[in-house]
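The following note sets out points for a colleague who is examining the structure at the bench. It proceeds from one strand to the sheet, the helices and the charged pairs.

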Amino acid sequence: MRTRTTTATAAAALTAAVALLLTACGGGSDSDDSGKDEIAGADTGASASASASPSPSASEDGVDRPEIKLPKDIENVFEGGATGDAKKDAVLADNERRVNSIDEAIVVDAEKHPALEFYSKDDALMSAATYIKSFYDNNRSFSGKTRYYEREATFAKDGSATVTYCMDSTNTYPKDRKTGKVDRSVEASPNDYVFYNTRLEKNADGVWQTTSVSSTEAAERCM
């Protein structure tokens with residue numbers, strides 16, 4: 001029911017999208033307060049009806065990470081446990097956090113989404129911004145459960161990493177941003193199965209940031 005288009009179509013669109021991230025993703029003063037109250041997780045304060053996303057623990061590596069919170073009607077399931085390789089596990093953990101940071105930027109109206117820029121940079125940040133902006137432009141969000149599976153991490157000689165994985169969004173549904181109404185009449189389609197190939201680099205703080213992303217919708221290998 002939702003796809004993650006990750007290829008930007010024009011430099012102008014990318015510039016506008018990044019500018020959106022640096023200001024507010026739909027959290028401007030012209031927002032209707034009554035509408036926002038109906039959106040789960042719209043308030044990012046202590047009273048928000050959001051629960052901490054099931055992300056990997058941030059305390060294990062000592063990195064000071066921004067908190068990511070998703071509304072209760074959003075469930076991201078990352079299949080596969082620890083690989084037994086500490087380096088691979090660290091890469092997969094930051095890949096998971098990046099996915100959650102994108103969803104947070106889509107579904108939680110806030111002036112800033114620090115986790116998004118914490119886990120993405122370069123082309124990956126721009127394409128994520130373009131994708132996020134499309135939801136706000138269409139007054140849309142989403143609700144439901146998304147599966148991430150067949151996740152694999154490999155390393156290149158230059159020190160970068162590659163993470164490949166599948167996404168199944170057949171159990172997510174469009175949500176009206178103002179009213180909070182979820183449209184469960186939308187049927188699943190092959191496009192809900194997406195294969196991702198991402199490149200990550202470790203920064204000076206020890207965070208594996210995603211730098212580029214390519215995706216294939218209706219991926220047979222993910223069905």
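1. In this predicted model, strand β3, residues 74-78, has two faces that differ in cover: I74, N76 and F78 form the covered face, whereas E75 and V77 form the uncovered one. The strand is joined to β4, residues 140-155, by 5 bridges, and the two strands run parallel. Within this pairing, V77 of the uncovered face has R147 of β4 as its bridge partner.

2. R147 also takes part in a charged contact. Its side chain meets that of E79 in a salt bridge, with an N to O distance of 2.9 Å. E79 belongs to the loop between β3 and α3 while R147 belongs to strand β4, so the pair ties together parts that lie 68 residues apart in sequence. E79 counts as partly exposed, at 33% relative accessibility. R147 likewise counts as partly exposed, at 25% relative accessibility.

3. What is the strand order of the open sheet, and is its pairing mixed or uniform? The sheet consists of 5 strands in the order β3-β4-β5-β6-β7, with mixed pairing. Strands β3 and β7 (208-217) are the edge strands, each pairing on one side only. From one strand to the next, the twist averages 25 degrees.

4. At the β7 edge, the partner strand is β6, residues 193-202; the two pair in the antiparallel sense over 9 bridges. One position in this pairing is T198, whose bridge partner in β7 is V213. Two helices should be considered together with the sheet. Helix α3 packs on the sheet and touches β3, β4, β5 (161-176), β6 and β7, its direction making about 160 degrees with that of β4. Helix α5 also packs on the sheet, touching β4 and β7, and its direction makes about 60 degrees with that of β7.

5. T216 offers a local view of the β7 edge, as this residue is found in strand β7. T216 is partly exposed, with a relative accessible area of 43%. Leaving aside residues up to four places away in sequence, T216 touches Y193, V194 and F195. The C-alpha atoms of T216 and N197 are separated by 8.8 Å, the two residues being 19 residues apart along the chain.

6. The two helices that touch the sheet also pack on one another. Helix α3 (residues 86-107) and helix α5 (residues 122-137) pack at an angle of about 30 degrees, and their axes are 9 Å apart. Their crossing is right-handed. On the α3 side the contact is made by R98, I102, A105 and I106; on the α5 side it is made by A124, A128, Y131, I132, F135 and Y136. By class, the residues of this contact comprise 9 nonpolar, no polar and 1 charged.

7. Which residues pair with D94 in salt bridges? One partner is R65, with the closest N and O atoms 2.8 Å apart. D94 lies in helix α3 and R65 in the loop between β1 (50-52) and β2 (69-71), so this pair ties together parts 29 residues apart in sequence. Both D94 and R65 are buried. Another partner is R97, whose side chain meets that of D94 in a salt bridge of 2.7 Å, N to O. Being 3 residues apart in helix α3, D94 and R97 are separated by about one helical turn. Both of these residues, D94 and R97, are buried.

8. A further set of charged residues deserves inspection. K121, D158, R199 and E201 are joined into one network by salt bridges that share partners. The count of salt bridges comes to 10. As general background, side chains of opposite charge can pair when their charged atoms come close.

9. For the overall picture, the secondary structure of the protein chain comes to 5 helices and 7 strands. Along the sequence they follow the pattern α-α-β-β-β-α-α-α-β-β-β-β. Of the 223 residues in the protein chain, 45% are buried. Among contacts with a separation of 6 or more, 72% are accounted for by residues 24 or more positions apart.

Definitions and conventions. Residues are numbered from 1 along each chain as its sequence is written. This is a predicted model: local features need pLDDT of at least 70, side-chain atom pairs count only at pLDDT 80 or more; totals for chains, interfaces and linings use all residues. Side-chain values use heavy atoms; hydrogens and water are left out. Axes are lines fitted to C-alpha atoms, for helices over the stretch in contact, and angles run from 0 to 180 degrees between N-to-C directions. Helices (H or I, at least four residues) and strands (E, at least two) are DSSP runs, numbered from the N terminus. A crossing is left-handed if the near helix is turned anticlockwise from the far one by less than a right angle, and right-handed if clockwise. Contact means heavy atoms within 4.5 Å. Ala, Val, Leu, Ile, Met, Phe, Trp, Tyr, Cys and Pro count as nonpolar, Asp, Glu, Lys and Arg as charged, and the others, Gly among them, as polar. Buried means under 20% relative accessible area, exposed over 50%, partly exposed in between (1.4 Å probe, protein chains only). Two strands pair if DSSP finds at least two bridges between them. A salt bridge is a side-chain nitrogen of Lys or Arg within 4 Å of a carboxyl oxygen of Asp or Glu.
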